[in-house]
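Work through the exercises below with the sequence and coordinates open. Each task is followed by a solution in steps.

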Amino acid sequence: MTKAMRAVAIREPGGPEVLEIVERPRPSPGPGEILIAVEAAGINRPDCLQREGKYAPPPGASDIPGLEVAGEVVATGEGASIFSPGDRVCALVAGGGYAEYCAVHESNALPKPGDLSMTEAAALPETFFTVWHNVFQRGGLKRGESLLVHGGSSGIGTTAIQLAHAFGATVFATAGSAEKCAACEGLGAARAINYRDEDFVTAVKQATDGAGVDLILDMVGGDYVGRNYEAAAIEGRIVQIAFLHGAVAEANFAKLMVKRLTHTGSTLRPRSVEFKAGIAAELQRLVWPLLAAREVAPVIDTVFPFEKVQDAHRRMEDGSHIGKIVLEMG
Ligand SMILES: NC(=O)c1ccc[n+]([C@@H]2O[C@H](COP(=O)([O-])OP(=O)(O)OC[C@H]3O[C@@H](n4cnc5c(N)ncnc54)[C@H](OP(=O)(O)O)[C@@H]3O)[C@@H](O)[C@H]2O)c1
């Protein structure tokens, strides 16, 4: 008989109140998969979009929300050989993270780095995979270049600032309050710009002697599209990972042509297990040692018990958080 587990279900599209704890069958690990007894699960902005009915899980993924977990391996599927029961791991999952058990292909899991807690480990996969791919692989950030991170105090932003700084880039960030700006500078940003008081294009131009920045990581879109073209350097790159201000924009594309800009973007969740495994391998080689040495670390804003998942979503949506919000299983 299939064993049961507690999981969070989305009763219907809506606000945080539609999240409810239900019983579901415990998943069993398929070929190449591991089953993780989840100790903590990270909350991400896309989970809120999924709850609102605006971001459907990709085909084959669990309808339980949650894109990242940390916990202990309790079973392995046929052919799985990297991890064994008892190993402590964190993993990127395409869904199903808000649950007591979660199955994932072992190539999308990584050992818990160093002495990080399980709560810290659960805060890693979604932002580290996303930032590694979009800033370093797609955006091609190199030592000595400059990066502008919009939403610098977000989960994604706090990771991007730290990693770019650790790999020798000069980082600028935008954020919506003095407290958030101070946090960005504390993480390694050379200059954080409070976009409510200052125009980021002017600030970035001033800080770079008029040259502009080599790379921009943007989650805002809308009117930022044209302003990013202004703030970018000649041959600059802009990587779009979300559109918090809207995906439809009017922009002066002459800037893109004259400055020879590259504007690209991507979304991680629907990519294949093999693609995510490639990111995991690079993270383990190049970033996990920095985490183990605590040269970079996840920024934890708040931790909520599993039963308070509605409050965790409310915390994310009130927008005052800095860094990551994490759920802990009791
Ligand atoms: N493409 C991908 O593969 C991928 C993967 C993961 C996440 N994402 C996206 O990356 C973004 C950041 O994710 P996250 O989990 O780090 O989220 P988060 O911590 O909630 O960060 C969002 C931040 O954006 C800023 N913001 C600006 N305009 C906003 C608006 N209209 N509504 C809400 N926030 C606004 C807020 O800071 P201020 O107070 O400074 O405005 C907020 O802290 C999300 O949009 C998410 O969907 C994309």
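## Exercise 1: A glycine in a loop

Task: decide whether Gly53 is buried or exposed, and state where Gly53 is found.

Solution. The model is a predicted one.
- Step 1. Gly53 has a relative accessibility of 54%. The cut-off for exposed is over 50%, so Gly53 counts as exposed.
- Step 2. Gly53 sits in the loop that links α1 (45–51) to β4 (68–76).
- Step 3. Gly14 lies 39 residues from Gly53 along the chain, and the two C-alpha atoms are separated by 7.3 Å.

## Exercise 2: Two helices

Task: classify the angle between α3 and α4, and describe their contact.

Solution.
- Step 1. Helix α3 covers residues 125–138 and helix α4 residues 155–166; their axes come within 9 Å and cross at roughly 55°.
- Step 2. Angles under 35 degrees would be roughly parallel, and 65 to 115 roughly perpendicular. The two helices α3 and α4 are therefore oblique to each other.
- Step 3. The crossing of α3 past α4 is right-handed.
- Step 4. On the α3 side, the contact is made by Thr127, Phe128, Thr130, Val131 and Phe136. On the α4 side, the residues are Gly155, Ile156, Thr159, Ala160, Leu163 and Ala164.
- Step 5. Sorted by class, the contact of α3 with α4 holds seven nonpolar residues, four polar ones and no charged ones.

## Exercise 3: Salt bridges

Task: how many salt bridges does a search of the whole structure find, and which parts does the pair Glu307 and Arg6 tie together?

Solution.
- Step 1. The search of the whole structure gives 20 salt bridges.
- Step 2. In one of them, Glu307 pairs with Arg6, with the closest N and O atoms 3.0 Å apart.
- Step 3. Glu307 is in the loop between β14 (300–305) and α11 (309–318), while Arg6 is in strand β1 (residues 4–10), so the pair ties together parts 301 residues apart in sequence.
- Step 4. Glu307 counts as partly exposed at 45% relative accessibility, and Arg6 counts as partly exposed at 25%.
- Step 5. Arg51 forms a salt bridge with Glu52, where the closest N and O atoms are 3.7 Å apart. Arg51 counts as buried at 1% relative accessibility, whereas Glu52 is partly exposed at 30%.
- Step 6. Arg191 and Glu198 form a salt bridge with closest N and O atoms 2.7 Å apart. Arg191 is partly exposed at 25% relative accessibility, and Glu198 is partly exposed at 29%.
- Step 7. Through shared partners, salt bridges join Arg51, Glu52, Lys54 and Glu317 into one network.

Key. Residues numbered from 1 in each chain as written. Predicted model: local features only at pLDDT ≥ 70, side-chain atom pairs only at ≥ 80, totals over all residues. Heavy atoms only, no water. Axes fitted to C-alpha atoms, helices over the stretch in contact; angles between N-to-C directions. Helix = DSSP H or I, 4+ residues; strand = E, 2+ residues; numbered from the N terminus. Parallel < 35°, antiparallel > 145°, perpendicular 65-115°, else oblique. Left-handed = near helix turned anticlockwise from the far one by under 90°. Contact = heavy atoms within 4.5 Å. Nonpolar A, V, L, I, M, F, W, Y, C, P; charged D, E, K, R; others polar. Buried < 20%, exposed > 50% of the residue type's maximum accessible area, 1.4 Å probe, protein only. Salt bridge = Lys/Arg side-chain N within 4 Å of Asp/Glu carboxyl O.
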